[in-house]
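Ready for some practice in reading a protein model? Have the sequence and the 3D view at hand, and try each task before you look at its solution.

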Amino acid sequence: MAGGSDRKRSAASAFGAHADAYRDSTVHREGDDLDRLAAWCSGADRAVDVATGAGHTAGALAAAGVDRVIAADAAPEMVATAAASFPRVEGVVADAERLPFADDAVDAAACRIAAHHFPDPVAFVAAVARVVKPGGTFAFEDNVAPEDPALDEFLNTVERRRDPTHVRSHTVADWIGWLEDAGFTVETTTVVTKTLDYTEWLGNVDASAERRRGVAAAFADPPTGAAEAFSITRGADGVESFANMKLLARATR
Amino acid sequence: MKESLMDILCDPLDKSDLDLEVDERDGDEIIEGRLIGSVTGEVYPIEDGIPNLLPPDMRDDE
């Protein structure tokens, strides 16, 4: 898995460089989804937020009453930002697929809008299942792709052109299958739609002019059904907004 | 990191226990030091209070 490691190291490095942009990003800071994930974990004494980024979810878990919250991320700069921004949160630099925690170490785990960067989602889910105690909760959220293969391919193409560290947005069915295979019972799933301002979405990763051209080219030639599936709006200067889907899943072990 | 975090930390390579070596502490907070895999011998640094438990293939050589 040397390729996977290189890819993850590259992703971690890219996130470190954009720590401030992510902390200020409205998509990553606001929303009912964060409250819902935190509420699912609120009964835990100890929880880990995997791929915490700037620490919003870890901070929300602490605010929801979780006594000890560990903020884990592969980018040291992100962990430092999370720990500095949320004083009750303990930072650990860690790989989501090889978590450095003992079996049954936590009562709850969260992972919010990050797993599309993981090369091996099956290994990630297995790692979470290992560290969550029996009866514990996994609060999961990530971007998902439509079941239609052409729309799935379109979404993942634009995401990858915008941000080369994007590995794949998987389908809802993929995630439910992986969670169940790892021994989780999927209690609740919700798919929410978020409208993204096109310019802001590109700005969050500081996309180069070349990457912006690549994204624009994909949006200029979308597959049948894309305009409706992604609620694409266009103005005089091109795409103004589009919507993507996120899965929220509450699973118990 | 708080020293009590040692209760749940393990070596990411084989999940075995880690040994703690402290260079600087502030009460129960470990500021600088290292975690060493008791089986693998791998050394994981603690810098500015944060343990870096990335497997060696993901750590930047600095």
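The exercises below work through a predicted model, taking salt bridges, a buried residue, a cavity and a pocket in turn.

**Exercise 1. Salt bridges between strands of chain A**

Task: Find out which strands the salt bridge between Asp107(A) and Lys133(A) links, and how many residues apart the partners are.

Solution:
- Step 1. Start with the pair itself: the closest N and O atoms of Asp107(A) and Lys133(A) are 3.2 Å apart.
- Step 2. Now place both partners. Asp107(A) belongs to strand β4 (residues 106–112) of chain A and Lys133(A) to strand β5 (residues 132–144) of chain A, so this bridge links distant parts of the chain, 26 residues apart.
- Step 3. Look for another bridge. Glu141(A) pairs with Arg112(A), with 3.3 Å between the closest N and O atoms.
- Step 4. Because Glu141(A) lies in strand β5 and Arg112(A) in strand β4 of chain A, this pair ties together parts that are 29 residues apart in sequence.

**Exercise 2. Buried or partly exposed?**

Task: Decide whether Lys133(A), Glu141(A) and Arg112(A) are buried or partly exposed, using the rule that buried means under 20% relative accessible area.

Solution:
- Step 1. Lys133(A) has a relative accessible area of 34%, so Lys133(A) is partly exposed.
- Step 2. Glu141(A) comes out at 0% and is therefore buried.
- Step 3. Arg112(A), at 6% relative accessibility, also counts as buried.

**Exercise 3. A salt bridge in chain B**

Task: Which residue forms a salt bridge with Glu3(B), and where do the two partners lie?

Solution:
- Step 1. The partner is Arg25(B), and the closest N and O atoms are 2.9 Å apart.
- Step 2. Glu3(B) sits in the segment before β1 (18–26) of chain B, while Arg25(B) is in strand β1 of chain B, 22 residues away.
- Step 3. Both partners count as partly exposed: Glu3(B) has 33% relative accessibility and Arg25(B) has 41%.
- Step 4. To finish, return to chain A: salt bridges with shared partners join Asp33(A), Arg112(A), Glu141(A) and Lys194(A) into one network. Over all chains, the count is 15 salt bridges.

**Exercise 4. A serine in a loop**

Task: Is Ser169(A) buried or exposed, and which residues does Ser169(A) touch?

Solution:
- Step 1. Locate Ser169(A) in the loop between α8 (149–162) and α9 (172–181) of chain A.
- Step 2. Its relative accessibility is 0%, so Ser169(A) counts as buried.
- Step 3. Leaving out residues up to four places away in sequence, the contacts of Ser169(A) include His116(A), Asn143(A), Val144(A) and Leu155(A).

**Exercise 5. A cavity and a pocket**

Task: Describe the lining of the second largest cavity and of the second largest pocket by residue class.

Solution:
- Step 1. The structure has two cavities of 30 Å³ or more, and the second largest cavity holds about 30 Å³ of space.
- Step 2. Val144(A), Leu155(A) and Phe230(A) are among the residues lining this cavity. Strand β8 (residues 238–252) of chain A gives the largest share, three residues.
- Step 3. By class, the cavity lining has seven nonpolar, one polar and no charged residues.
- Step 4. Turn to the second largest pocket, with a volume of about 220 Å³. Of its 15 lining residues, those closest to the centre are Pro87(A), Val89(A), Glu90(A), Lys2(B) and Glu29(B).
- Step 5. β3(A) gives the most to this pocket lining, with three residues.
- Step 6. The pocket lining divides into six nonpolar, two polar and seven charged residues.

Definitions and conventions. Residues are numbered from 1 along each chain as its sequence is written. Chains are lettered from A and ligands numbered from 1 in the order in which they are written. This is a predicted model: local features need pLDDT of at least 70, side-chain atom pairs count only at pLDDT 80 or more; totals for chains, interfaces and linings use all residues. Side-chain values use heavy atoms; hydrogens and water are left out. On a 1 Å grid over the protein atoms alone, a cavity is a set of points where a 1.4 Å probe fits but cannot get out, and a pocket is an open set with protein on both sides within 12 Å along at least five of seven lines; lining residues have an atom within 4 Å of a point. Grid points are joined across faces, edges and corners, and a volume is the space filled by probe spheres set on the points. Helices (H or I, at least four residues) and strands (E, at least two) are DSSP runs, numbered from the N terminus. Ala, Val, Leu, Ile, Met, Phe, Trp, Tyr, Cys and Pro count as nonpolar, Asp, Glu, Lys and Arg as charged, and the others, Gly among them, as polar. Buried means under 20% relative accessible area, exposed over 50%, partly exposed in between (1.4 Å probe, protein chains only). Contact means heavy atoms within 4.5 Å. A salt bridge is a side-chain nitrogen of Lys or Arg within 4 Å of a carboxyl oxygen of Asp or Glu.
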